[in-house]
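Grab your viewer and a notepad. Below are some exercises, each with a worked solution to check yourself against.

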Amino acid sequence: MVSLAWSNLMHNKLRSLLSALAVGLGITLMLVSKGLATGSIAEVAQRMQSVDAELVVLPAQDNIIFTNGAPFPDLIRRLILKQKDERGPIAESVIPVFFGQVSMGGQQQRLFGVDPAQMPLFLGHRRVLAGKAFDRARAFAREIEARGEPLPDDADAWQAYMAPGLELVIDDRLRRVGRLDPETGQRVPYRLGDRVRVMGYDFRIVGIVETGVAGRVFAPLQTMREIVLAGEKKSSMFFVKLRPDIDPVAAADRLAALLGSGARVELKSTYGTLLRQSFAQVNMYMNASSGLALVVCFLFILLTMYTVVIERTREIGILKSLGVTRFNLLALSVSEALLISMVGVGIGIGLALLAKYVLHVVRPLLTVTLSGSLLSLAVLIGIVGGVLSALYPGYRAARLDPATALSSE
Amino acid sequence: MSDPMIHVRGVCHTYRHGGVQEPVLHDLDLDIAPGEFVVIMGPSGCGKTTLLNIVGLMMPPSRAEVLRVGGRDALGLDDAARARLRRHAIGFVFQRFNLLPAISARENVALPLRIRGERVDGQVDSLLERVGLARYAGKKPGQLSVGQQQRVALARALVGRPSLVLADEPTGNLDSENAEAVLALLGEFHREWHQTILMITHNPALAAGADRVIRMQDGRFCD
């Protein structure tokens, strides 16, 4: 029956190919949208894991994707640092982060405002490939931390005052993506010394670090606070590096109790889960749209199989005259639909790989992950969809009276 | 006397088109012995094909007292059992050949064996050779002449050595030369394999080689 099904498909190659292509497009849509969502989330989560800390303190009830502003006063940091047990403070360091936005590499990037002195905690084992992980901003930050004098009150003095702090550190992936050169219209990689407009100020790229650090773009925390909060010591979130002998789960519970309902304390390792939760609604929408695309594709197969049954009514009569049972005819219909689906899945996976490559070229900062489980899901969808879409046409074919089928034109 | 291959009593059939009823067979009785070559003759629309379809288990009669084919009571069989009986005991030759266009002549001939789940050895090629089509075994029906297609159809009907061959105007679409060739082949296999053959035609010239000729008119046997 499978060889007969294959012969039937090959007998009308164009229709079979179009059907397989329709399935393939649905599979591609599903793979790329799922691969993009999971890939991007996994990539961000993985980068967050590079921070040398065990806990994250986030605003309560906040979606961690869209966490902006700075709800946490510095008091939180000091409170955490004061937590002790019989051996001393439970936290070795509390690392404030101030989130902002910057347009670089052709898209919006999350700007990580970090204390230059704490940059090594973000770098971990990753190297500085060029320049420095902040230069004059280190002294600027120290000066601001120790500041007691009033701020300059005229524009020129203000610009001069801020200049040392207007530094950026970017990762190598963003460097390679680069900026659009207005003269040539081509993308050129970022270089040390390039200026980038952030929040109305010209920041200078002073360092390029290995890809994999928590953020793609870092700026001095103190600079961002000066610009956005007039120097107020607030933060968007904290990483907490615990003493090595401290149990992170117990510490998280203790800090959560300490900070009350305004904050939530999570294990850094759960950041990926939190990201997925934050993306839940977007994911639901993407799943719904790719699911809808798949349904349309399988309706296309159903229509194709139904047309095949109508067109081949006489052939069904011939097969029945030869003693083919209803079950055999159903199996033939299912076999044909399965073959179309499997070829469609193959086309879909091929197109998804192509889309992944194209996205990598056009939007290098996007990550599409086509995992084994996702590809297996595509194959499963192909099998289930193929069977389901063939059942009704197969049932119709099976029910045909042989003599009536043979007399059809 | 051995059991008849076909034993029919009181077969009636009425077609229903919308609300209109059109009776085509009226209380027919028929016995055909194993190995007999019977021709049913009659004008178009007299009910020959309907009778053949009923005897070939391709459609149930509207009413029948007895319908036995190959010694089995066909009235009590469900759809799957009727399909099995067709598969193992009956071979069809149609006026319009009814070959599957997507597969080669060889595969068309092999199809009954594959449906039975039997091995396809050399018998398909040797049968194609006997009907003079060995050279065309790999061709699809669309690449063959009408005479060649009917010879492929004949080979397909005979390949499983069914005990009953039903031929519905097998030469109706052929020129005289091809018609004679097909009839000669049918007669040759009948003499050699002693299958029961029930052939319908409206051409008296084709009935010459039959053991018995039954005439039909308006859904009834005339003799």
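What follows is four exercises on helices and strands, with the ground rules up front.

This is a predicted model, in which local features need pLDDT of at least 70, side-chain atom pairs count only at pLDDT 80 or more, and totals for chains, interfaces and linings use all residues. Residues are numbered from 1 along each chain as its sequence is written, chains are lettered from A and ligands numbered from 1 in the order in which they are written, and side-chain values use heavy atoms, with hydrogens and water left out.

**Exercise 1.** Work out how the axes of helix 2 and helix 10 of chain A cross.

*Solution.* Start with the elements: helices (H or I, at least four residues) and strands (E, at least two) are DSSP runs, numbered from the N terminus. Next, fit axes to C-alpha atoms, for helices over the stretch in contact, with angles from 0 to 180 degrees between N-to-C directions. For helix 2 (residues 13–49) and helix 10 (residues 271–278) of chain A, the axes come within 9 Å and cross at roughly 145 degrees. Then list the contacts (heavy atoms within 4.5 Å): helix 2 of chain A brings Ile41(A), Val44(A), Ala45(A), Met48(A) and Gln49(A), while helix 10 of chain A brings Tyr271(A), Gly272(A), Leu275(A) and Arg276(A).

**Exercise 2.** Find which residues of helix 1 of chain A are buried, and what they pack against.

*Solution.* Buried means under 20% relative accessible area, exposed over 50%, partly exposed in between (1.4 Å probe, protein chains only). In helix 1 (residues 2–11) of chain A, that picks out Leu4(A), Ala5(A), Ser7(A), Asn8(A) and Leu9(A). Their packing partners are helix 2, helix 12 (313–321) and helix 13 (326–362) of chain A.

**Exercise 3.** Place strand 7 of chain B among its neighbours.

*Solution.* First, burial: five of the five residues of strand 7 (residues 164–168) of chain B are buried. Leu164(B), Leu166(B) and Asp168(B) point one way, Val165(B) and Ala167(B) the other. Now pairing, which takes at least two DSSP bridges between two strands. Strand 6 (residues 90–93) of chain B pairs with strand 7 of chain B in the parallel sense over four bridges, with Ile90(B) partnering Leu164(B). Five bridges join strand 7 of chain B to strand 8 (residues 196–201) of chain B, also parallel, and Ala167(B) partners Met199(B).

**Exercise 4.** Sort out the open sheet of four strands in chain B.

*Solution.* The order is 2-1-4-5, with antiparallel pairing. Strand 2 (20–32) and strand 5 (72–73) of chain B are the edges, each pairing on one side only. Lastly, strand 4 (residues 66–69) and strand 5 of chain B share two bridges, and Arg68(B) has Asp73(B) as its bridge partner.
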